[in-house]
Amino acid sequence: MAISDWPLTERPREKLLQLGPKALSDAELLAIFLRTGVSGCDAVTLARQLLNHFGSLRRLMGASQHEFCQAKGLGEAKFVQLQAVLELSKRYMQQQLQRETVFTEPALVKKFLSHTIGHEQREVFLLLYLDNQHRLIASEPLFMGTIDASPVYPRIVVQQALRHNAAAVILAHNHPSGVAEPSRADRAITERLTQAMALVDIKILDHFVVGDAEVVSFAERGWL
């Protein structure tokens, strides 16, 4: 049965208009993005198949162009559309952060980080540079690693923070495994960076670890 033949309350577009996007499942939201299914398969069913194929929404969104275009029902045009949507969401949230006092908006920071590095399939270490009122100056990925590790060099972190004339910074990195729980190595490098930045009078306000469904804050844990 085509989606157009479904009851109005079950059609993804109509459901979104009536209840808002949060009421939709990952498959329903993806179906709206896909717009159409393929022969013998409606858009929602195709979306479910794609999520099963990639394993999660994060992995689908972080897929390379080759991986993405090889999947049934996808292609170069959809890849371009998805990359544009992802970049627009990043820029929108970055502009929001530039208007806010970042340290008082941890939920917004977590959302920004989830959209920025949460879908990456290798580890990315990112810095948010803040002015003396804790407003965002810029965000920058500094280090990229293998599937489960990113080398972090305190000297480079200090150099970049000084280059941006930052008064404070927020550290962030993702766990490609999807599990946000910080490791001993995460805590050790945070301590090393805190000591290094203190020498140039730049404060580390927080370190966020980004997983699939959770973003862990060192400050909220009382570790900073």
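**Notes on the sheet, its helices and the cysteines**

1. A good place to start is Tyr 129, whose bridge partner in strand 3 is Val 169. Please keep in mind throughout that this is a predicted model. The two strands concerned, strand 1 (residues 124-130) and strand 3 (residues 168-174), pair in the antiparallel sense, and six bridges hold that pairing.

2. Stepping back to the whole sheet, you will find five strands in the order 2-1-3-4-5, forming an open sheet with mixed pairing. Its edges are strand 2 (136-144) and strand 5 (215-217), each of which pairs on one side only. On average, neighbouring strands of this sheet are turned by 20° against each other, direction ignored. As a reminder, strands of a sheet pair through backbone hydrogen bonds, either parallel or antiparallel.

3. Now to the other pairing of strand 3. Strand 3 and strand 4 run parallel and are joined by seven bridges. Within this pairing, Ala 168 stands opposite Lys 203 in strand 4. Strand 4 is also mostly covered, with seven of its eight residues buried.

4. Two helices lie across these strands. Helix 8 (residues 154-163) lies across strand 1, strand 2 and strand 3, and runs at about 155° to strand 2. Helix 9 (residues 184-198) lies across strand 1, strand 3 and strand 4 (203-210), and its angle to strand 4 is about 160°. Strand 1 and strand 3 are thus named for helix 8 and again for helix 9.

5. Next, have a look at helix 6 (residues 76-99) and helix 7 (residues 106-117), whose axes come within 9 Å and cross at roughly 155°. The two helices are therefore roughly antiparallel to each other, and their crossing is left-handed. Helix 6 makes the contact through Ser 89, Lys 90, Met 93, Gln 94, Gln 96 and Leu 97, while helix 7 contributes Leu 108, Val 109, Lys 111, Phe 112, His 115 and Thr 116.

6. Helix 2 (residues 26-34) deserves a look as well. Its buried residues are Ala 27, Glu 28, Leu 30, Ala 31, Phe 33 and Leu 34. These buried residues pack against helix 1, helix 3 (43-54), helix 4 (57-61) and helix 6. In general, an α-helix has 3.6 residues a turn, so residues three or four places apart point the same way. Just after helix 2 comes Arg 35, with a positive phi near 75°.

7. Lys 15 is one to click on when you inspect helix 1 (residues 12-19), where this lysine is placed. Is Lys 15 buried or exposed? Lys 15 counts as buried, because its relative accessibility is 18% and the cut-off for buried is under 20%. Leaving aside residues up to four places away in sequence, Lys 15 touches Leu 8, Thr 9, Gly 20, Ala 23, Leu 24 and Glu 28. Glu 28 also appears among the buried residues of helix 2.

8. Finally, the cysteines. How many disulfides does a search of the whole structure find? The search finds zero. The sulfur of Cys 41 has its closest cysteine sulfur in Cys 69, 18 Å away, so the two are too far apart for a bond; a disulfide would need the sulfur atoms within 2.5 Å. Looking from Cys 69, the closest cysteine sulfur is that of Cys 41. As for their surroundings, Cys 41 is buried, with a relative accessible area of 9%, whereas Cys 69 is partly exposed at 24%.

Note on methods. Residues numbered from 1 in each chain as written. Predicted model: local features only at pLDDT ≥ 70, side-chain atom pairs only at ≥ 80, totals over all residues. Heavy atoms only, no water. Buried < 20%, exposed > 50% of the residue type's maximum accessible area, 1.4 Å probe, protein only. Helix = DSSP H or I, 4+ residues; strand = E, 2+ residues; numbered from the N terminus. Contact = heavy atoms within 4.5 Å. Pairing = 2+ DSSP bridges. Axes fitted to C-alpha atoms, helices over the stretch in contact; angles between N-to-C directions. Parallel < 35°, antiparallel > 145°, perpendicular 65-115°, else oblique. Left-handed = near helix turned anticlockwise from the far one by under 90°.
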